[in-house]
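Student: I would like to go through this model with you one question at a time, starting from charged pairs and ending with the overall fold. Could you keep the reasoning behind each answer visible?

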Amino acid sequence: PSIPIEFHGTWEGTLQSTSLPSAEVKPEWTDSGRIRIVISKADVKVFTWNDEKWRQIKPKTFGITVFDTNAVISSITSGRDNDGVWVETWSFAVSIIDSQRLHALFQRQVNNKDLRRDDPDATWGIVAFGKLERASGADV
C-alpha cells in the first residue's frame, strides 16, 4: 500500500530522551541528538547526525504503518556481538500536527539473549519524544 502524501518528505528534529527507568532510578531527560526520517511512496529511511554528517540507521529494515493522521515507523533486527545474540527494536510513533510538523515518540528496546537475566545489559531501552519539522531541500 502507498503512504499518504501528507507523510512524504524529510523530517528532522532533536528528541529528548532517557533510559527506561527502573524502580530504583528516576528518568533524567537529555537531548538524544538529531534524527532525520525520509518517507517516500513506499520507503522509509532513518538517519542520525554523527561526526558532522547524517548516517543511515539499519538500512532497508524500516517499515511504516499509517492510519489517517498517525503512523508507526519500525525496525526489528537481530545480530551477534561479543555478548552473543541480540534482538533490537526501534520504533517511532508519529502524528501530524500540521503540514510542517510531526509529534514523535521514539522507543528503542534491546534484548541480549545470551546474557544472564540479572545482568543490567541483558535488556535495556531508551524512550524519547519531541517534534520533527519538514526539511526543505534536504539532501542525504
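Student: How far apart are the closest N and O atoms in the salt bridge that R108 forms with E88?

Tutor: In this predicted model, R108 lies in strand β8 and E88 in strand β7, which spans residues 84-98, so the pair ties together parts that are 20 residues apart in sequence. R108 counts as partly exposed at 22% relative accessibility, while E88 is buried with a relative accessible area of 8%. Between R108 and E88, the closest N and O atoms are separated by 2.4 Å.

Student: Which residues are joined into one network by salt bridges that share partners?

Tutor: Side chains of opposite charge can pair when their charged atoms come close. The structure holds 7 salt bridges, and one of them is the pair of R108 and E88. Salt bridges with shared partners link this pair to a further residue, and the network consists of K58, E88 and R108.

Student: What is the N to O distance in the salt bridge between D43 and K45?

Tutor: D43 counts as partly exposed at 32% relative accessibility, and K45 is likewise partly exposed, at 34%. A salt bridge requires the side-chain nitrogen to be within 4 Å of a carboxyl oxygen, and the side chains of D43 and K45 meet with an N to O distance of 4.0 Å.

Student: Are R116 and D118, which meet in a salt bridge, buried or exposed?

Tutor: The side chains of R116 and D118 pair at 2.8 Å, taken from N to O. The term exposed is used for a relative accessible area over 50%, and both R116 and D118 are exposed.

Student: Which residues form the negative surface patch?

Tutor: One member, D114, lies in the loop between β8, residues 101-112, and β9, residues 123-134. D114 is partly exposed, with a relative accessible area of 47%, and a patch takes residues with over 30% relative accessible area and no salt bridge, so D114 meets the accessibility condition. The complete negative patch is formed by D81, D83, D114 and D121.

Student: D51 is not a glycine; what is its phi?

Tutor: Most residues other than glycine have a negative phi. D51 is found in the loop between β3 and β4, the latter covering residues 53-57, and D51 is exposed, with a relative accessible area of 66%. Its phi is positive, at about 50°.

Student: In which loop is D68, which also has a positive phi without being a glycine, found?

Tutor: D68 has a phi of about 55° and counts as exposed at 62% relative accessibility. The loop in which D68 is found runs between β5, residues 63-67, and β6.

Student: How far apart in space are K41 and F7, C-alpha to C-alpha?

Tutor: K41 lies in the loop between β2 and β3, where K41 is exposed with a relative accessible area of 65%. In sequence, K41 and F7 are 34 residues apart, and in space their C-alpha atoms are separated by 9.2 Å.

Student: What separates the C-alpha atoms of A104 and F92?

Tutor: A104 is found in strand β8 and is buried, with a relative accessible area of 4%. Along the chain, A104 and F92 are 12 residues apart, and the distance between their C-alpha atoms is 6.3 Å.

Student: And is F47, in strand β3, buried or exposed?

Tutor: F47 lies in strand β3, and its C-alpha atom is 8.4 Å from that of R34, which is 13 residues away along the chain. The cut-off for the lower class is under 20% relative accessible area, and F47 has 4% relative accessibility, so F47 counts as buried.

Student: Which strands each supply at least two residues of the largest nonpolar core?

Tutor: This core has 20 residues, and those with the most contacts inside it are L15, I37, F62, I73, F92, V94 and L132. The strands that each supply at least two residues of the core are β1 (9-19), β2 (30-39), β3 (44-50), β6 (70-81), β7, β8 and β9.

Student: Finally, how many helices and strands are there in the protein?

Tutor: Of the 140 residues of the protein, 34% count as buried. From the N terminus on, the elements run β-β-β-β-β-β-β-β-β, and the protein thus has 0 helices and 9 strands.

Conventions
Residues numbered from 1 in each chain as written. Predicted model: local features only at pLDDT ≥ 70, side-chain atom pairs only at ≥ 80, totals over all residues. Heavy atoms only, no water. Patch = residues over 30% accessible without salt bridge, like charges linked within 9 Å, V, L, I, M, F, W, Y side chains within 5 Å. Areas by Shrake-Rupley, 256 points an atom, 1.4 Å probe, with all protein chains shown as cover. Lys, Arg positive; Asp, Glu negative; His and termini not counted. Charge placed at Lys NZ, Arg CZ, Asp CG, Glu CD. Helix = DSSP H or I, 4+ residues; strand = E, 2+ residues; numbered from the N terminus. Buried < 20%, exposed > 50% of the residue type's maximum accessible area, 1.4 Å probe, protein only. Core = buried A, V, L, I, M, F, W, Y, C linked by side-chain atoms within 4.5 Å.
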